[in-house]
Amino acid sequence: RKTNILIVAKGSSGDVFPLYSLTQRLHHLGYNITLITESKHQNIAHTLNLPVIFLNSTKPLNNTKFFA
């Protein structure tokens with residue numbers, strides 16, 4: 001059974017890029033990752049090919065399961 005991990009990355013590019021690298025590594029290790037970040041980083045966030053929720057998004061979180 002895979003572990004679900006939620007990573008919140010907020011701030012400047014220098015703040016969030018290290019978290020994106022961590023996100024990719026954890027995904028490659030087999031964890032289910034959901035990334036929450038600011039929409040100003042949407043271009044790089046989408047290149048990760050992982051579920052992304054943007055902080056200013058209107059997408060509801062009520063059907064998202066973060067913890068088992």
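**Fold, contacts and surface of the predicted model**

Of the 68 residues in the protein, 31% are buried. The model is a predicted one, and the description below starts with the overall fold before turning to single residues. The protein contains 2 helices and 3 strands, and going along the sequence these give the pattern β-α-β-α-β. Among contacts between residues at least 6 apart in sequence, 47% link residues that are at least 24 apart. On the outside, the protein exposes about 4,700 Å², with carbon and sulfur atoms supplying 52% of that area.

Next comes the pairing of E1 and E2. These two strands run parallel and are joined by 6 bridges. To get from E1 to E2, the chain passes through helix H1, residues 13-28, and the resulting β-α-β crossover is right-handed. Within this pairing, Ala9 sits opposite Thr37 of E2. Thr37 also provides a handy reference point for Asn56: the C-alpha atoms of the two residues are 8.8 Å apart in space, with their positions 19 residues apart in sequence. Asn56 belongs to the segment after strand E3, which spans 52-54. With a relative accessibility of 56%, Asn56 counts as exposed.

As for charged pairs, searching the whole structure turns up 1 salt bridge. Its partners are Glu38 and Lys10, whose closest N and O atoms are 4.0 Å apart. Glu38 is in the loop between E2 and H2, while Lys10 is in the loop between E1 and H1, so the pair ties together parts of the chain 28 residues apart in sequence. The two partners do not fall in the same burial class. Glu38 has a relative accessible area of 16%, so it is buried, because the cut-off for burial is under 20%. Lys10, on the other hand, has 56% relative accessibility and therefore counts as exposed, the cut-off there being over 50%.

The loop between E2 and H2 has another buried residue worth a look. His41 is found in this loop, which runs between strand E2 (32-37) and helix H2 (42-46). The relative accessible area of His41 is just 5%, so this residue is buried too. What does His41 touch, once its neighbours within four places in sequence are left aside? The contacts are Gly11, Ser12, Ser13, Val16 and Tyr20. Of these, Ser13, Val16 and Tyr20 fall within the residue range of helix H1, 13-28.

Further along the chain, Asn49 has an unusual sign for its backbone angle to report: phi is near 55°, a positive value in a residue other than glycine. Asn49 is placed in the loop between H2 and E3. The relative accessible area of Asn49 is 67%, so this residue is exposed.

Finally, the surface carries a nonpolar patch. Leu6, Val8 and Leu55 make up this patch, and together they have about 230 Å² of accessible area. One of the three, Leu6, is part of strand E1, residues 4-9. Leu6 has a relative accessibility of 31% and so counts as partly exposed. That value also matters for membership of the patch, because patches are built from residues with over 30% relative accessible area.

Terms used
Residues numbered from 1 in each chain as written. Predicted model: local features only at pLDDT ≥ 70, side-chain atom pairs only at ≥ 80, totals over all residues. Heavy atoms only, no water. Patch = residues over 30% accessible without salt bridge, like charges linked within 9 Å, V, L, I, M, F, W, Y side chains within 5 Å. Areas by Shrake-Rupley, 256 points an atom, 1.4 Å probe, with all protein chains shown as cover. Salt bridge = Lys/Arg side-chain N within 4 Å of Asp/Glu carboxyl O. Helix = DSSP H or I, 4+ residues; strand = E, 2+ residues; numbered from the N terminus. Buried < 20%, exposed > 50% of the residue type's maximum accessible area, 1.4 Å probe, protein only. Contact = heavy atoms within 4.5 Å. Pairing = 2+ DSSP bridges. Right-handed = clockwise from strand over helix to strand, strands pointing away.
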